[in-house]
Amino acid sequence: MTDPPKAGLDAVGRLAQYVLIPRIAAPGLSLVALRAHHDPAGLLVVVLLMMIVLNYLALRYWSSLAPSLRHPVFLVLDQGLALLVTAALGLGTPMVLYLIAGGVLAGLIHRARPVLAASLATTLVYGVLLVFEAGYVPGGDDFHTTITLPALVLGAGPAGVAMRRILVQQDRTATQLWQLRRTAAVREERLRVARELHDSLTKNLHGIWLLSRTLEGSLERGDLASAREAAGVIGETAEGLAGQSRAVIQDLRDVKRENHSLVEALQERVSVATAGHRLRVTIHDERPTPRPGLTAAGRRTMLAVTSEALHNVIKHADALRVTLTLAAAGDQVVLMITDDGRGFVVSADRPGHYGLVGMSERAARSAGQLTVTSSPGSGTTVRLELPARPRPAPEPSQAAKPVHRNRPHLFRRDHALSPRGGSV
Ligand SMILES: Nc1ncnc2c1ncn2[C@@H]1O[C@H](COP(=O)(O)OP(=O)(O)O)[C@@H](O)[C@H]1O
Ligand SMILES: [Mg+2]
């Protein structure tokens, strides 16, 4: 699985960057106002220009600078400088916007306590300036300057802290969900391995046990012919079992195969199943394009059925050729495995033989269907139908646009065997 989600933390970073924009605009506007008053005090102009450049650099190189900016010294320096400039320029100037944006930014990046202390201190200084410098009476002369703005200066820090907490909490919830999903995926995989062992190994081992009882009985009766036959079947079953366990282990180990196309995965199964046997196998892909695919579980079912069907061809059919045909029928993906072997009478009851039943059960579990068509002398066809994987819905055109992280838009550079004879 991927890393735990941190979209909330990313959003905190983006918000902080957006808050830097008014922190560039405010000193800019103050500069314009200074020029308009034909009163460009040298040091003040330099300080305002420095504020613009520093905030621009913070915005531009946020991802690399943010960790250092979290130091409390920056909080003190930033708010102190903002207050000094506000004091020099006056309370009715755009620098108040700088103070408010600074509070929100501090709340987003610093810890709550220092931020609350800084908000309180800044508001107090604002109040002192209000009374002593500007001569305002709180609540008196100008409501916005004396009440609204100091309230915003006081509230900005806590607002930033609250925003960060909400977004970080969102990450915690998403991480808990991510952990639950991961645990569920591990459990599902364990159940799958257990099913795999049951389907491919346990049933056949039970078959070997039953045959060994038959062998014992034959030996006690002195019936050597049937003892030899039972021993032969035991050997064949054990050989088949070895092949199946190899396939299961290979399947569990090789995660890379999950990226193979269905045809490549089938080819791989064919070469493993037919190694050392003279059998000509051809694969035809007759699915229309775009080719309908299978779910991961459906694909495993198809590969397991292919292995078992080929194993049967080798063990029972005495065939020269096998054809695997992939096709589509409605919303189903169809695989037909046809051999030109001796065929057989398909019957429902074959005690001690679990291959066909197992294939059928697997297909049913994947909401599919398995049909075996055969008659003596005319070969066998195993037909597996599985539901195609639903195609993802087309994305809305906007979603196709690239998403730039940590940078505001401004700076974007299957159960039925129903043969001609019967059903198992
Ligand atoms: N492709 C095939 N060609 C001929 N006979 C087959 C084929 N597949 C299956 N059979 C017959 O069906 C029987 C049941 O097969 P299966 O359920 O796989 O059990 P097993 O392979 O252990 O005998 C086989 O014993 C064989 O007689
Ligand atoms: Mg079999």
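This section describes the magnesium site, the salt bridges and a nonpolar surface patch in a predicted model.

The magnesium ion (ligand 2) is held between two protein donors, Glu-308 (OE) and Asn-312 (OD1), at distances of 2.1 to 2.6 Å. Both residues belong to helix 10 (residues 296-317), where they are 4 residues apart, about one turn of the helix. Glu-308 and Asn-312 are both buried.

In total, 6 salt bridges were counted in the model. Side chains of opposite charge can pair when their charged atoms come close. In the pair formed by Asp-78 and Arg-23, the N to O distance is 2.7 Å. Asp-78 is located in helix 4 (residues 72-89) and Arg-23 in helix 1 (residues 7-36), so this salt bridge ties together parts that are 55 residues apart in sequence. Arg-23 is buried, with a relative accessibility of 4%, whereas Asp-78 is partly exposed, with a relative accessible area of 21%. The value for Asp-78 lies above the 20% under which a residue is classed as buried.

A further salt bridge links Asp-10 to Lys-6, with the closest N and O atoms 3.1 Å apart. Here the acidic partner, Asp-10, is buried at a relative accessible area of 8%, while Lys-6 is partly exposed at 42% relative accessibility.

Glu-385 and Arg-383 also meet through their side chains in a salt bridge, at 3.0 Å from N to O. In this pair Glu-385 is partly exposed, with 21% relative accessibility, and Arg-383 is likewise partly exposed, with a relative accessible area of 27%. Elsewhere, Asp-285, Arg-287 and Arg-291 are joined into one network by salt bridges that share partners.

Apart from these charged pairs, a nonpolar patch was identified on the surface. The patch consists of Met-50, Val-53, Leu-54, Tyr-56, Leu-57, Tyr-61 and Leu-65, which together have about 590 Å² of accessible area. Helix 2 (residues 42-60) makes the largest contribution to the patch, with 5 residues. Leu-57 is placed in helix 2 and is partly exposed, its relative accessible area being 33%. Leu-57 can be included in the patch because its relative accessible area of 33% is over the 30% required of patch residues.

Methods:
Residues numbered from 1 in each chain as written. Chains lettered and ligands numbered in written order. Predicted model: local features only at pLDDT ≥ 70, side-chain atom pairs only at ≥ 80, totals over all residues. Heavy atoms only, no water. Donors = N, O, S within 2.8 Å, 3.2 Å for Na, K, Ca; no water. Helix = DSSP H or I, 4+ residues; strand = E, 2+ residues; numbered from the N terminus. Buried < 20%, exposed > 50% of the residue type's maximum accessible area, 1.4 Å probe, protein only. Salt bridge = Lys/Arg side-chain N within 4 Å of Asp/Glu carboxyl O. Patch = residues over 30% accessible without salt bridge, like charges linked within 9 Å, V, L, I, M, F, W, Y side chains within 5 Å. Areas by Shrake-Rupley, 256 points an atom, 1.4 Å probe, with all protein chains shown as cover.
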